[in-house]
Amino acid sequence: DDARSLHTRRADEAVALKGTGVPAYLDATQLVTLAKQADCDAIHPGYGFLSENAAFARLCADAGIVFVGPQPKILELFGDKAQARALAKRHDVPILAGTSGPTTLAQAHRFFASLGPGAAVMIKAVAGGGGRGMRPVFSADALDAAFERCASEALAAFGNGEVYVEQLLPRARHVEVQIAGDGSGAVSHLWERECSLQRHRQKLIEIAPAPALRPAVRTRLLEAAVALASAVKYRNLGTFEFLVDLRDESAAGIAFIEANARLQVEHTVTEEVTGVDLVKAQLGIAAGRSLAELHLTQKEIPRPRGIALQARINMETMAADGSAKPGGGTLSAFEVPSGPGVRVDTFGYAGYQTSPRFDSLLAKLVVHSPSGRLEDVAGKASRSLAEFRIAGVPTNLSFLHALLGHAEVTGGKFHTRLIEERLDELLAVPPIRTRHFDAAVSATCARLA
């Protein structure tokens, strides 16, 4: 699948995997064997596939290869959301009401009933993340079908069909904290990110730092993340995710939901506002260097400089109900925006044929504004989206443009159901007006000249 992918040219050396699609990247034995043959001393697992797999981390260690990530025991701990919730409870970090560990349908019904009239729950996979095996349920009548679907999704995605349920907050922000630890118990935070702009539990836009967050809430989130990571002597990078209840915007209105023991897709915005190369930091920690040696002690990490925003550009078509169908094809044109404070992470180039076997993410647009103003960075991102020239595959450029122009977004009125509630308005926005010439227009201009 990846014979013509750009990373095979960027790397000094590329080694082919046997097999196709996702199974090839989940073949831990093959990966370690090839790494040994190529004389690798470390494997960076990225942010998908085996990145949080404790068995793979142990396999690397047994082969004398450094796994660039947390210890296997930490991967196991945070890979089980029930264990992670128990850890938070032991350290007085608030969690949402929920069942403890793998839950049966009968237990889910009893828990739902215990919440009283008007309540709602979220069904979640015990293992995994990324929105898979997760669904909100607003009535007991809908619980059976949602439960069965979540269990099926979780089994297909993670090889584990166990789920649990927790109370759903009707209005909440999703805020995550980036941490780094060196395994000694020393842990630093690199501030927080806003991740509330989601569609079906999949993040679309992330911002650092989180706009309009009360100082007391920010402090509580940062302290909670550092406390949990320190308690387990966390090594390498991790992200601790929280909900902030909009009904109670005091420091008491937070709840820990999960930890991602890996690099995040949205790590880019933290890099832009702190100036810290997070992947370089991962490699340094994996090589045995302390936070002090890497100049990553808390007092050495700067306060966020300005504001950064990431928009995920996906190959997809979107239905009227907000559901997205992955797309693909051959990129007949692919040009990206540029300029001060504009960064694009992508594998695309003109002539590349995308693979239907992988995620639909095509590019990450990351913009930075030194002003620190949300409306400035949103406007810069919107203009940059219009400078993309992508042909041959469908994309969500217009939807992202509509979202960035919505008054509640530019006004910092974030919550996790905003897209769902404003979907009709967002879909009614005219398509993005691109800021480039297509081939036909260019040819006409040339003739006129």
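## H4 against H5

Helices H4 and H5 pack with their axes 8 Å apart, at an angle of about 175°. That angle makes H4 roughly antiparallel to H5, since anything over 145 degrees counts that way. Bear in mind that this is a predicted model.

Who touches whom here? From H4 come Ala54, Ala57 and Arg58, and they meet Pro72, Lys73, Leu75 and Glu76 in H5. Sort the residues of this H4–H5 contact by type and you get four nonpolar, three charged and no polar.

## The buried side of H5

H5 runs over residues 72-79, and its buried residues include Ile74, Leu75, Leu77 and Phe78. Those four sit on the same side of H5, because they cover an arc of only 165° around the axis.

So what covers them? Among the elements lying over the buried residues of H5 are helix H4 (54-62) and helix H6 (81-90). Strands join in too, including E2 (66-67), E9 (235-245) and E10 (254-260).

## H3 against H4

H4 also packs with helix H3, which spans residues 28-37. For this pair the angle is about 30° and the axes are 10 Å apart. H3 is therefore roughly parallel to H4, as angles under 35 degrees fall in that class. The crossing of the two helices is right-handed.

On the H3 side, the contact is made by Ala28, Thr29, Leu31 and Val32; on the H4 side, by Phe56, Leu59 and Cys60. Broken down by type, the residues of the H3–H4 contact are six nonpolar and one polar, with no charged ones.

## What H3 buries, and what comes next

Which residues of H3 are buried? They are Ala28, Gln30, Leu31, Val32 and Ala35. These buried residues pack against H4, and also against helix H2 (21-25) and strand E1 (42-43).

After H3 comes Asp39, and its phi is positive, near 65°.

## Gly379 in H12

Further along the chain, Gly379 is part of helix H12, residues 374-386. Is Gly379 buried or partly exposed? With 22% relative accessibility, Gly379 counts as partly exposed, because the buried class stops at under 20%.

Ser369 makes a handy reference point for Gly379: the two are 10 residues apart in sequence, and their C-alpha atoms are 9.8 Å apart in space.

Terms used. Residues numbered from 1 in each chain as written. Predicted model: local features only at pLDDT ≥ 70, side-chain atom pairs only at ≥ 80, totals over all residues. Heavy atoms only, no water. Buried < 20%, exposed > 50% of the residue type's maximum accessible area, 1.4 Å probe, protein only. Arc of directions from axis to C-beta. Contact = heavy atoms within 4.5 Å. Axes fitted to C-alpha atoms, helices over the stretch in contact; angles between N-to-C directions. Parallel < 35°, antiparallel > 145°, perpendicular 65-115°, else oblique. Left-handed = near helix turned anticlockwise from the far one by under 90°. Nonpolar A, V, L, I, M, F, W, Y, C, P; charged D, E, K, R; others polar.
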